[in-house]
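What follows is a walk through one protein model, taken strand by strand and contact by contact. Keep the sequence and the 3D view open while reading.

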Amino acid sequence: MWKFDLPWMLALLPLPILVAWRAPPYRAMALAVRTPFFHEMAQAAGERPSPGGVHLRRNWLQWLLLPLAWALVVLAAARPVHVEAPITHETPARDLMLAIDLSQSMETTDFVSAATGERTDRLTAVKHVVADFIAKRRGDRIGLVVFGDAAYPQAPLTLDHDSVMILLDQMQIGMAGPRTALGDAIGLTVKLLADSKAPEKVLILLTDGNDTASKIPPDQAARIAKTHGLVIHTIGIGDANATGEDRVDLAALQRISSATGGRSYQAFGREQDLADVYTQLDRLTPERIKQDVYRPQTEYFWVPLGLALLIVAAYHLFAMLSAVVRGAAHGN
């Protein structure tokens, strides 16, 4: 699509006509020699001079080229541009971190697979459900944090969800240590999201136990997360009636989510129950994509301006050559 950046400049097109019509002619006083036979000489030359004035004649080429050159100059001043097809740039509106417990208790085979109906360990069930969840979140930057004795980044925030899937599949029980460091997982996520420019930052924290190894208490970590605008949703997949480190602390998870404006869920025994939890989270945090539409423009003012200069230069070159030819003819 073509357009003018300064279309009002086209109003200058009739300016030469207005100047010729309304502006007074240029007059200048000069010394002259009075001759007794001036009118006879003018008549012999085919001229009709006005009293006191000198009338410069224009040839037909000037009458043709001057309006054309002026029109091209005005056209260049109006800044013609060609607008290209719109380019849409999509950027994620949310950064989503998934923190997954890899403590030794995750090898407990108390989950029933939704696909086969067989009993499977907790981590395998989590991998299946989280993989489906990631596949639905194409507009979010997603990262992984794993925790046991301490918390470690497993995948940085990225839109390359295929790579996140690979790193999710590579997670092994006990690779981060046998215990549970809930507070450290929250603290590490806050650190990883510190430079995030996303309008919304979310952490989904999944564990099957209670905090036994954190250097920072989970409640304090939650308060710090809130000051950084991080919303934490918690999922407890362990047995609340178990004892010791195997007992999932649902009350602590509830406090963490409440402190940051998130929600707390529990899923135990069936993979489908865990999938339902992630389905609720998917609805609670719908996919958001920020779209920036840009239409590149190419300037073409140089085309009419170059043509105008070329016309003026060509005319003067033609006039010089004509003068040389006439001079040579008179010399002969």
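**A walk through the model**

Asp140 is placed in the loop between α4 and β7. The model is a predicted one, and this loop is a convenient place to start. Asp140 counts as buried because its relative accessibility is 0%, where the limit for buried is under 20%. The side chain of Asp140 meets that of Arg137 in a salt bridge, with 2.8 Å from N to O. The two side chains are also joined by a polar contact of 2.8 Å. Arg137 is buried, as Asp140 is.

This pair belongs to a wider set. A network of salt bridges links Asp140 and Arg137 with Arg94, Glu200 and Asp282. Side chains of opposite charge can pair when their charged atoms come close. The structure holds eleven salt bridges, and two others are described further on.

Arg94 leads from the network to strand β4, which covers residues 94-101. How many of the residues of β4 are buried? Eight of its eight residues are, so that the strand is mostly covered by the definition of buried as under 20% relative accessible area. Their side chains point in two directions: Arg94, Leu96, Leu98 and Ile100 one way, and Asp95, Met97, Ala99 and Asp101 the other way. Both sets are buried.

Strand β4 has two partners to look at. Strands of a sheet pair through backbone hydrogen bonds, either parallel or antiparallel. Strand β9, residues 200-207, runs parallel to β4 and is joined to it by seven bridges. Here Arg94 has Glu200 of β9 as its bridge partner; Arg94 and Glu200 are also both members of the salt-bridge network. Strand β7, residues 141-147, runs parallel to β4 as well, and seven bridges join the two. In this pairing, Asp101 is matched with Phe147 of β7.

Moving on from β9, the loop between β9 and α7 (218-227) contains Asp208. With a relative accessibility of 0%, Asp208 counts as buried. Asp208 and Ile235 are 27 residues apart in sequence, and their C-alpha atoms are 8.4 Å apart in space.

The loop between β4 and β5 (111-112) holds another charged residue, Asp110. Asp110 forms a salt bridge with Arg122, and the closest N and O atoms are 2.7 Å apart. Because Arg122 lies in helix α4 (residues 122-136), the pair ties together parts that are twelve residues apart in sequence. Are Asp110 and Arg122 buried or exposed? Asp110 is buried, with a relative accessible area of 11%, and Arg122 is buried too, at 5% relative accessibility.

A separate piece of the model is an open sheet of three strands, in the order β1-β2-β13, paired in the antiparallel sense. Its edge strands are β1 (2-4) and β13, each of which pairs on one side only. From one strand to the next, the twist averages 35°. Three bridges join β1 to strand β2, residues 80-83, in antiparallel pairing. One of the matched pairs is Phe4 with Pro80 of β2.

Strand β13 and the stretch just ahead of β2 are connected by charge as well. The side chains of Glu299 and Arg79 meet in a salt bridge of 2.6 Å, N to O. Glu299 is in strand β13 and Arg79 is in the loop between α3 (60-77) and β2, so the salt bridge links parts of the chain that are 220 residues apart. Neither residue counts as buried, because Glu299 has a relative accessible area of 28% and Arg79 has one of 29%. Both are therefore classed as partly exposed.

The last stop is on the surface. Phe301 is found in the loop between β13 (297-299) and α10. Phe301 is partly exposed, at 31% relative accessible area. Which residues make up the nonpolar surface patch of about 720 Å²? Phe301 is one of them, together with Val73, Trp302, Val303, Leu305, Leu307, Leu309 and Leu310. Helix α10, residues 302-331, gives the most to this patch, with six residues.

Notes. Residues numbered from 1 in each chain as written. Predicted model: local features only at pLDDT ≥ 70, side-chain atom pairs only at ≥ 80, totals over all residues. Heavy atoms only, no water. Patch = residues over 30% accessible without salt bridge, like charges linked within 9 Å, V, L, I, M, F, W, Y side chains within 5 Å. Areas by Shrake-Rupley, 256 points an atom, 1.4 Å probe, with all protein chains shown as cover. Salt bridge = Lys/Arg side-chain N within 4 Å of Asp/Glu carboxyl O. Helix = DSSP H or I, 4+ residues; strand = E, 2+ residues; numbered from the N terminus. Buried < 20%, exposed > 50% of the residue type's maximum accessible area, 1.4 Å probe, protein only. Pairing = 2+ DSSP bridges. Axes fitted to C-alpha atoms, helices over the stretch in contact; angles between N-to-C directions. Polar contact = N/O pair within 3.5 Å; in protein donor to acceptor, adjacent residues only side chain to side chain.
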